[in-house]
Amino acid sequence: CAPPDAVVWPQSVGQVQELAAVCHRYRVPMVPFGTGTGLEGGVNAVQGGVCFDLSHMDAITDLSLEDFSVAVEPGITRKALNSYLRGTGLWFPVDPGADASLCGMAATGASGTNAVRYGTMRPNVLNLRVVLPDGRLLYTAGPGRQARKRAAGYDLTSLFVGSEGTLGFLTQATLRLHPLPEAVATTTAAFPSVRAAVACTVQVLQAAVPVARIEFLDEVMVGACSRFSGLELPASPTLLLELHGSRHGLAEQQQQAEEIVQLNGGSSLAWAVELEERERLWAMRHNAWYAALALRPGCQGYSTDVCVPISRLPDVVVETKQDLQDSGLTGPMVGHVGDGNFHCLLIFNTQDTAEAQRVHAFTQRLGRRALAAGGTCTGEHGVGLGKRELLREELGQEGLDTLRSIKAALDPHNLMNPGKVI
């Protein structure tokens, strides 16, 4: 961990502007901080400087039930927003698992379990209020604008979504909201092999079953989650599926899903429709990180992710599973496979140099395996510190030079979160 030289807690966008202007004048590095739930070292102050903790900026404004939109500051997390929206019939569905800052989620281009139905952060951000490195204020879609689509000029909003704090401070995000579904049903399905489970995912999507979530857990992850959460699930490769819709439409979707699961050798399905039952299943999934750590008490964990085209997903997952076994690593696999995105939760002894080297080598092979399959080295965690070399291989030199040109135009002194991404 690389700590900053100082930490500030601005209370308003004006204070962020003033502090940024001072840091810019004296060439002091600046590191934005929301809740610190990122997984690629994005908040490490590798060159010292000032950490801007934006958690005290927690206003929710401009809620429009008719326009399905709301504006939030960095101190608002996804759970806080959905609590605020209770009773309106609307919700914000992007769910990375952690109760992350919504502006931080925009900064890292986060997604999560609901992305297969509702999309990632990128299409769900309508506008951003950004404090630039020299203290100037920018609205990426124009002040007060929240149109659901636009073709006016360069897409500055998408430029800042996923910028990981390297271009400016995201001090407000205008978000797209969604209607709550009338009915929800969740189930688990166990499969005889990893390939069968992942192939089932592909077929569910090909059949246009409108799944809201479809999560994969390998047999190691299922066993760990079962023990940690107290649920009795067979230690087999498993899919966790959720359907959203009307009560009438849901019955048809359930039948379609059951037929495809059975065609792939999956277990019979018992659907959980009551909120308490569904929450138990998703709590198990969201506690996967802690369940994985419990496999080797006293060890540390590193979570890495990749994303590949759906057609390549079965082969890439099976190859990765074999690589884990050949490397002698503890690395349960879990993923948002409806998007082709999966994670390896690598649990290792940081004091064992040889094991740490095997973990690093494995993550590099995993990233390059995804690139060779036409995918990306990170589907949602971001580049941060750990994937800068893989980013060069993914984009090519011209792509990386273009990113550097944009960075130089907005932050010529390289003060915003230096050492990250590029």
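Trainee: How many helices and strands does the protein chain have?
Mentor: The structure is a predicted model, and the secondary structure is read from that model. Counted over the protein chain, the elements come to 14 helices and 16 strands.

Trainee: What is the radius of gyration of the protein chain, and what does the globule rule give for 422 residues?
Mentor: The C-alpha trace spans about 65 × 55 × 40 Å along its principal axes. The radius of gyration is close to the value that the globule rule gives for 422 residues, so the protein chain is as compact as a globular protein of that length. Both the radius of gyration and the value from the rule are 22 Å.

Trainee: What percentage of the contacts with a separation of 6 or more comes from residues 24 or more positions apart?
Mentor: Buried residues make up 52% of the 422 residues in the protein chain, and the contacts can be set beside that figure. Among contacts with a separation of 6 or more, the share that belongs to residues 24 or more positions apart is 71%.

Trainee: How far apart do the centres of the positive and negative side chains lie?
Mentor: The surface that the protein chain exposes is about 17800 Å², with carbon and sulfur atoms supplying 52% of it. As for charge, there are 34 positive and 42 negative side chains. The centres of these two sets are separated by 4 Å.

Trainee: Which element gives the largest share of the largest nonpolar core?
Mentor: This core has 41 residues, and those touching the most other members are Phe191, Phe216, Leu239, Val317, Phe342 and Cys344. Elements giving two or more residues to the core include strand S11 (183–190), strand S12 (211–217), helix H9 (247–263) and helix H13 (353–372). The largest share amounts to six residues, and the element that supplies it is H7.

Trainee: How many residues are in the other core, the one with Val94 and Leu167 among its members?
Mentor: That core lies apart from the largest one, and Cys103 and Leu128 are also among its members. Its size is 28 residues.

Trainee: Which residue from Leu366, Val94 and Cys103 does Phe342 touch?
Mentor: Leaving aside residues up to four places away in sequence, the contacts of Phe342 include Val316, Val317, Thr320 and Met333. Val94 and Cys103 belong to the core of 28 residues that lies apart. Of the three residues you name, the one listed as touching Phe342 is Leu366.

Trainee: Is Pro237 buried or exposed?
Mentor: Pro237 lies in the loop between helix H8 (219–229) and S13, and its contacts beyond four places in sequence include Phe191, Val194, Phe216 and Leu217. Its relative accessibility is 7%, and because a residue under 20% is classed as buried, Pro237 counts as buried.

Trainee: Is Gly298 buried or exposed?
Mentor: Gly298 is placed in the loop between H11 and strand S14 (300–307). Its C-alpha atom is 9.8 Å from that of Ile347, a residue 49 positions away along the chain. With a relative accessibility of 78%, against a cut-off of over 50%, Gly298 counts as exposed.

Trainee: What is the C-alpha distance between Asn287 and Ser229?
Mentor: Asn287 has its place in the loop between helix H10 (275–286) and helix H11 (288–293), and at 26% relative accessibility it counts as partly exposed. Asn287 and Ser229 are 58 residues apart in sequence. In space, their C-alpha atoms are separated by 7.9 Å.

Trainee: What is the phi of Asn417, and what is that of Val421?
Mentor: Both residues lie in the segment after helix H14 (388–410). Asn417 counts as buried at 2% relative accessibility, and Val421 counts as buried at 12%. Neither residue is a glycine, yet phi is positive in each. The value for Asn417 is about 45°, and that for Val421 is near 65°.

Trainee: Which residues does Arg122 touch, not counting residues up to four places away in sequence?
Mentor: Arg122 is found in helix H5 (residues 121–124), where its relative accessible area of 38% makes it partly exposed. Its C-alpha atom is 27 Å from that of Trp9, which is 113 residues away along the chain. The residues that Arg122 touches are Ser158, Val161 and Gly162.

Definitions and conventions. Residues are numbered from 1 along each chain as its sequence is written. This is a predicted model: local features need pLDDT of at least 70, side-chain atom pairs count only at pLDDT 80 or more; totals for chains, interfaces and linings use all residues. Side-chain values use heavy atoms; hydrogens and water are left out. Helices (H or I, at least four residues) and strands (E, at least two) are DSSP runs, numbered from the N terminus. The radius of gyration is taken over C-alpha atoms; the globule rule is 2.2 Å times the number of residues to the power 0.38. Buried means under 20% relative accessible area, exposed over 50%, partly exposed in between (1.4 Å probe, protein chains only). Contact means heavy atoms within 4.5 Å. Accessible areas come from the Shrake-Rupley method with a 1.4 Å probe; for residues, only the protein chains shown count as cover. Lys and Arg count as positive and Asp and Glu as negative; His and the chain ends are not counted. The place of a charge is taken as NZ of Lys, CZ of Arg, CG of Asp or CD of Glu. A nonpolar core is a set of buried Ala, Val, Leu, Ile, Met, Phe, Trp, Tyr and Cys residues joined through side-chain atoms within 4.5 Å.
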